[in-house]
Amino acid sequence: MIRVAIYARFSSDLQNDKSVDDQIAFCRDVCARNGMTVVLTFEDRAVSASSAKNRPGFIALMRAAAAKLFDVVVAEDMDRIFRDQADYHAARKELDFLGITIHTATGKV
C-alpha cells in the first residue's frame, strides 16, 4: 500500500475558500486512479507560499514526513506546495532523504 499525504493551499482572501476542498477532491481522484491510499491531508487557507515558515499546514506535513507517516505527497500542482526555490530545494532534499516522493496531477515530480 502506498500511503499518501495530500497538500492543498490557496493564497489570499480574494480566492475562493472552496478551492482547498476542490484541490483535495481532485488529489483523492488522482490517488484512487493510481492505487494509492490517502492517509493524511494538510492545508493552508489564505496563506501565501512565498515562505514555508508561515504555513502551519506545510510545517505539519514536513513533521509527518519526518515521522514517516506517509510515502508520497500529492498536490494539484507544484505551485500549491512551493513558490520559493529555496523552500523547494530544502524540502525536496529532506523528502528525498526520507524516501518520500512528490506527485502532482501530471505524475511524479
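Is glycine 99 buried or exposed? Glycine 99 counts as exposed, because its relative accessibility is 55% and the cut-off for exposed is over 50%. I should say at once that what you have in front of you is a predicted model, and everything I describe this morning is to be taken in that light.

Let me begin with the overall layout. The chain has four helices and five strands, and if you read along the sequence they come in the pattern β-α-β-α-β-α-α-β-β. The radius of gyration is 13 Å, close to the 13 Å that the globule rule gives for 109 residues, so the chain is as compact as a globular protein of that length. The C-alpha trace, taken along its principal axes, spans about 40 × 30 × 20 Å.

Of the 109 residues, 40% count as buried, and the accessible surface of the chain comes to about 5900 Å², with 52% of that belonging to carbon and sulfur atoms. If we take the contacts between residues at least 6 apart in sequence, 71% of them join residues at least 24 apart. As for charge, the chain carries 15 positive and 15 negative side chains, and the centres of these two sets lie 5 Å apart.

Now to helix α2, which covers residues 56-66 and whose buried residues are Gly57, Phe58, Leu61, Met62, Ala64 and Ala65. Those buried residues cover an arc of only 160 degrees around the axis, which puts them on the same side of α2. The general background is that an α-helix has 3.6 residues a turn, so residues three or four places apart point the same way. On the face of α2 turned away from the buried side we find the exposed residues Pro56 and Arg63.

What, then, covers the buried residues of α2? The cover includes three strands, namely β1 at residues 2-9, β2 at 36-44 and β3 at 72-74, together with the helices α3 at 78-81 and α4.

Just after α2 comes lysine 68, which takes a positive phi of about 55 degrees although it is not a glycine, and which lies in the loop between α2 and β3. On the other side of the helix in sequence, in the loop between β2 and α2, sits alanine 46, where phi is near 55 degrees, again a positive value in a residue other than glycine. Alanine 46 counts as partly exposed, because its relative accessible area is 32%, which falls between the 20% and 50% cut-offs.

Moving on along the chain, alanine 75 lies in the loop between β3 and α3, and it counts as buried because its relative accessibility is 1%, where buried means under 20%. Which residues does alanine 75 touch, if we do not count those up to four places away in sequence? They are Tyr7, Cys27, Ile81, His103, Thr104 and Ala105. The C-alpha atoms of alanine 75 and alanine 5 are separated by 8.7 Å, although these two residues are 70 residues apart along the chain.

Let me set beside that loop two glycines in other loops. Glycine 99, with which I opened, lies in the loop between α4, residues 85-98, and β4, residues 101-104. Its C-alpha is 7.1 Å from that of aspartate 71, a residue 28 residues apart from glycine 99 in sequence. Glycine 35 is found in the loop between α1, residues 18-33, and β2, and with a relative accessible area of 56% glycine 35 is exposed. For glycine 35 and serine 11, which are 24 residues apart along the chain, the C-alpha atoms are separated by 30 Å.

My last residue is threonine 37, whose place is in strand β2 and which is partly exposed, with a relative accessible area of 32%. Leaving aside its neighbours within four places in sequence, threonine 37 is in contact with Met1, Ile2, Arg3 and Val4. Threonine 37 and proline 56, by contrast, are 19 residues apart in sequence and 23 Å apart in space, C-alpha to C-alpha.

To close, I would ask you to keep two pictures in mind as you turn the model: helix α2, with its buried residues on the same side and Pro56 and Arg63 on the face turned away, and alanine 75, which is buried in the loop between β3 and α3.

Note on methods. Residues are numbered from 1 along each chain as its sequence is written. This is a predicted model: local features need pLDDT of at least 70, side-chain atom pairs count only at pLDDT 80 or more; totals for chains, interfaces and linings use all residues. Side-chain values use heavy atoms; hydrogens and water are left out. The radius of gyration is taken over C-alpha atoms; the globule rule is 2.2 Å times the number of residues to the power 0.38. Buried means under 20% relative accessible area, exposed over 50%, partly exposed in between (1.4 Å probe, protein chains only). Contact means heavy atoms within 4.5 Å. Accessible areas come from the Shrake-Rupley method with a 1.4 Å probe; for residues, only the protein chains shown count as cover. Lys and Arg count as positive and Asp and Glu as negative; His and the chain ends are not counted. The place of a charge is taken as NZ of Lys, CZ of Arg, CG of Asp or CD of Glu. The arc is that of the directions from the helix axis to the C-beta atoms.
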